[in-house]
Amino acid sequence: QTIKFFENLLRASTDGILITDATHNIIVANEAFCNLIGQQHRNVVETNLFYWLEHLDPRGTSRWTELANEIHQKGSCRNVEFVTVPDSRVLKYFSVNASLLEQVATEETGVIMSIWRDITEKRQALLMADQMRITTFLKDVGIALTRGNSLLEILRHCADAVVSNLDAAFARIWTLNKEKDVLELQASAGMYTHIDGSHSQIPVGR
């Protein structure tokens with residue numbers, strides 16, 4: 001019954017499930033994992049995981065080696081990210097959770113079970129949101145530069161733009177006073193808005 005349950009789990013899972021031995025040979029791979037890397041199941045089982053990682057991710061083998069070492073030390077790891085470039089040449093992002101199976105039916109040691117989840121859409125959404133924040137930030141800075149009535153007002157609006165668009169705790173802007181050879185604080189936004197504190201003037205090189 002346990003074997004039957006495990007077989008049903010492999011088939012039903014939309015996440016890739018992989019079991020590898022101490023030398024990274026693939027013992028078990030479900031269809032979902034094979035689909036994630038764009039391969040047929042018969043081409044994956046009983047091959048070495050390094051073979052696929054070398055073709056998919058320039059740093060794949062070193063990343064997996066680091067991951068395996070961590071698993072052998074701690075017993076498991078969570079949310080390790082791999083970036084792959086399959087035959088379609090489109091970047092795909094995976095989040096991998098893995099744990100050490102200290103003893104399986106064959107009594108092998110160093111066996112690792114890993115679960116691979118495709119997070120490409122989530123990652124692309126985050127990248128798009130970041131790009132939108134940067135675009136808005138640049139727009140706000142552009143407005144500050146063209147509409148500000150004084151240097152202090154322009155820099156204050158620029159500091160505000162950093163805090164509001166880039167999730168900064170605070171932002172400060174100094175200008176260089178060449179005659180005194182000091183940096184003079186002109187704008188501060190976020191947690192600290194005062195410009196007359198101990199950091200209002202900083203000697204160059206300090």
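Me: Let's start with Phe33. Which residues is Phe33 in contact with, leaving aside its neighbours within four places in sequence?

Reply: Keep in mind that this is a predicted model. When you read a contact list, look for partners from elsewhere in the chain. Here Phe33 is in contact with Gly16, Ile17, Leu18, Val44, Leu49 and Trp116, with neighbours within four places left out.

Me: And how do I place Phe33 in a core? Which members of the largest nonpolar core touch the most other members?

Reply: Start from the members with many partners, then ask which elements they come from. The largest nonpolar core has 24 residues, and Phe33, Val44, Trp64, Leu67, Phe82 and Trp116 touch the most other members. At least two residues of this core come from each of β2, α2 (31-36), α4 (49-56), α5 (60-74), β3 (76-84), β4 and β5. There is also a second, separate core of six residues, with Val141, Ala144, Cys158 and Ala161 among them.

Me: Two of those names make me look at α6. How do I check a helix, and what span should the 28 residues of helix α6 have?

Reply: Compare the expected span with the distance between the end C-alpha atoms. For α6 (residues 120-147), 1.5 Å a residue gives an expected 40 Å, and the end C-alpha atoms are 40 Å apart, so the two agree.

Me: Which residues of α6 are buried, and what covers them?

Reply: Read burial first, then the cover. The buried residues of α6 are Thr120, Phe137, Val141 and Ala144. Their cover includes β4 (92-101), β5 (111-118) and α7 (151-166).

Me: Now Met132, which lies in α6: is Met132 buried or exposed?

Reply: Met132 has a relative accessible area of 56%, so it counts as exposed. For a sense of distance, take Trp52: the C-alpha atoms of Met132 and Trp52 are separated by 35 Å, and the two are 80 residues apart along the chain.

Me: Let me try Ile71 in helix α5. Is Ile71 buried or exposed?

Reply: The relative accessibility of Ile71 is 0%, so Ile71 is buried. Then look at what surrounds the residue. Not counting residues up to four places away in sequence, Ile71 touches Ser76, Cys77, Ala98, Ser99, Leu100 and Ile112. Take Ser99 from that list: Ile71 and Ser99 are 28 residues apart along the chain, with their C-alpha atoms separated by 6.2 Å.

Me: Cys77 turned up there, and Cys158 earlier. How many disulfides does the count come to?

Reply: A disulfide is a covalent bond between the sulfur atoms of two cysteines. In this model the count comes to zero disulfides. As for their surroundings, Cys77 is buried at a relative accessible area of 4%, and Cys158 counts as buried at 11%.

Me: On to empty space. What lines the largest cavity, and what is its volume?

Reply: With a cavity, read volume, lining and contributing elements in turn. The structure holds one cavity of 30 Å³ or more. The largest cavity has a volume of about 40 Å³. Its lining consists of Phe33, Ile37, Leu49, Trp52, Leu53, Leu56, Thr84, Phe94 and Trp116. Helix α4 gives the largest share of that lining, four residues.

Me: And the largest pocket: which residues line it?

Reply: Read a pocket in the same order. The largest pocket holds about 170 Å³ of space. Its lining is Glu7, Leu10, Arg11, Ile27, Val28, Ala29, Asn30, Glu31, His41 and Val45. Two or more lining residues come from each of α1 (2-12) and β2.

Me: What about backbone angles? What is the phi of Glu46, and of Asn79?

Reply: Note the sign of phi, then see where the residue sits. Glu46 is not a glycine, yet has a positive phi of about 70°. Glu46 is in the loop between α3 (41-44) and α4, and is exposed, with a relative accessible area of 71%. Asn79, also not a glycine, has a positive phi near 55°. Asn79 sits in strand β3 and is exposed at 53% relative accessible area.

Me: One last residue. Where is Asn25, and which residues is Asn25 in contact with?

Reply: For a loop residue, combine place, exposure and partners. Asn25 is in the loop between β1 (16-20) and β2 (26-29). Asn25 is partly exposed, with a relative accessible area of 30%. Leaving aside neighbours within four places in sequence, Asn25 is in contact with Ile19, Thr20, Thr47 and Asn48. The C-alpha atoms of Asn25 and Asn48 are 4.2 Å apart, although the residues are 23 apart in sequence.

Definitions and conventions:
Residues are numbered from 1 along each chain as its sequence is written. This is a predicted model: local features need pLDDT of at least 70, side-chain atom pairs count only at pLDDT 80 or more; totals for chains, interfaces and linings use all residues. Side-chain values use heavy atoms; hydrogens and water are left out. Buried means under 20% relative accessible area, exposed over 50%, partly exposed in between (1.4 Å probe, protein chains only). Contact means heavy atoms within 4.5 Å. The expected span of a helix is 1.5 Å times one less than its number of residues. A nonpolar core is a set of buried Ala, Val, Leu, Ile, Met, Phe, Trp, Tyr and Cys residues joined through side-chain atoms within 4.5 Å. A disulfide is a pair of cysteine sulfur atoms within 2.5 Å. On a 1 Å grid over the protein atoms alone, a cavity is a set of points where a 1.4 Å probe fits but cannot get out, and a pocket is an open set with protein on both sides within 12 Å along at least five of seven lines; lining residues have an atom within 4 Å of a point. Grid points are joined across faces, edges and corners, and a volume is the space filled by probe spheres set on the points.
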